Amino acid sequence: MAERRNQLALLTEAELRAALEIGGTPETARAVAAQVYAVPAEEQHFFEWIDTTLMFASCVSGELSERIAAFFGSTPELRAQLEEQQHAFRQWVAGPKFQGPVTPLGLDDVVFDVRTEASARAEPADGEAPTA
């Protein structure tokens with residue numbers, strides 16, 4: 001099995017906080033950013049960013065947007081597609097329909113633990129209904 005990349009290393013805590021403050025309440029943005037970076041280093045590779053987190057992060061700076069595109073754009077086509085999605089998201093955030101920093105955030109709004117995801121898809125025990 002291929003070794004998992006540490007996605008949490010892509011952003012600093014300050015960058016994550018700035019991204020979360022775009023759409024989340026300042027209090028929950030700070031708290032969640034601190035929770036994410038409290039994950040022990042040896043466990044960080046089990047966590048993946050929620051797509052919306054990455055889209056908000058692409059709004060923080062052009063350099064961060066490029067870093068995200070380079071990290072996840074494994075082919076020129078995927079990178080171009082991601083850059084197009086980032087551009088559209090930034091336009092939406094800058095537009096009149098965006099509500100601003102009003103959403104209370106939790107850890108599950110920002111990252112997910114692939115170990116939990118894998119166990120949710122595991123085979124059900126005898127007599128249990130399938131989960132997916």
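Select Arg5 to begin: at 47% relative accessibility this residue counts as partly exposed, a class lying between buried (under 20% relative accessible area) and exposed (over 50%), computed with a 1.4 Å probe on protein chains only. The model is a predicted one, in which local features need pLDDT of at least 70 and side-chain atom pairs count only at pLDDT 80 or more, while totals for chains, interfaces and linings use all residues. Residues are numbered from 1 along each chain as its sequence is written, and side-chain values use heavy atoms, with hydrogens and water left out.

**Stop 1: Arg5 and Phe71**

Arg5 is located in the segment before α1 (13-23); helices (H or I, at least four residues) and strands (E, at least two) are DSSP runs, numbered from the N terminus. Add Phe71 to the selection. The two residues are 66 apart in sequence, with 9.8 Å between their C-alpha atoms. Arg5 lies over the face of the Phe71 ring, 3.8 Å from the ring centre. The criterion for a charge over a ring is NZ of Lys or CZ of Arg within 6 Å of the ring centre and within 35 degrees of the ring normal.

Next, display the backbone of Phe71: its oxygen is reached by the Arg5 side chain at 2.9 Å. This is a polar contact, meaning a pair of N or O atoms within 3.5 Å; within protein, one must be able to donate a hydrogen and the other to accept it, and residues adjacent in sequence count only if both atoms are side-chain atoms. With residues up to four places away in sequence not counted, Arg5 touches His45 and Phe71, where contact means heavy atoms within 4.5 Å.

**Stop 2: the salt bridges**

Eight salt bridges are counted under the rule that a side-chain nitrogen of Lys or Arg is within 4 Å of a carboxyl oxygen of Asp or Glu. Select Arg67 and Glu15, whose side chains meet in one of them at 2.6 Å, N to O. This pair links distant parts of the chain, with Arg67 in helix α4 (residues 62-72) and Glu15 in helix α1, 52 residues apart. Arg67 is partly exposed at 25% relative accessibility, whereas Glu15 is buried at 16%.

Now add Glu63, which forms a salt bridge with Arg67 at 2.9 Å, N to O. Arg67 and Glu63 are four residues apart in helix α4, so about one helical turn separates them. Glu15, Glu63 and Arg67 are thereby linked in a network of salt bridges.

Move along helix α1 to Arg17 and Glu13, which both lie in that helix, four residues apart. Their closest N and O atoms are 4.0 Å apart in a salt bridge. Arg17 is partly exposed at 27%, as is Glu13 at 31%.

**Stop 3: the aromatic cluster**

Finally, select Phe56, Phe89, Trp92 and Phe98, which ring pairs link into a cluster. Rings of Phe, Tyr and Trp (its six-membered ring) pair if their centres lie within 6.5 Å; planes under 30 degrees apart count as stacked, over 60 as edge-to-face and the rest as tilted. The count by this rule is five aromatic pairs. Among them, Phe56 and Phe98 are tilted, at 6.1 Å centre to centre and 50 degrees between the planes. This pair spans 42 residues, from Phe56 in helix α3 (residues 51-57) to Phe98 in the loop between α5 (76-94) and β2 (111-113).

Phe56 is buried at 13% relative accessibility, and Phe98 is buried at 17%. Trp92 and Phe98 have ring centres 4.9 Å apart and planes at 75 degrees, so this pair is edge-to-face. Trp92 is partly exposed, at 39%.
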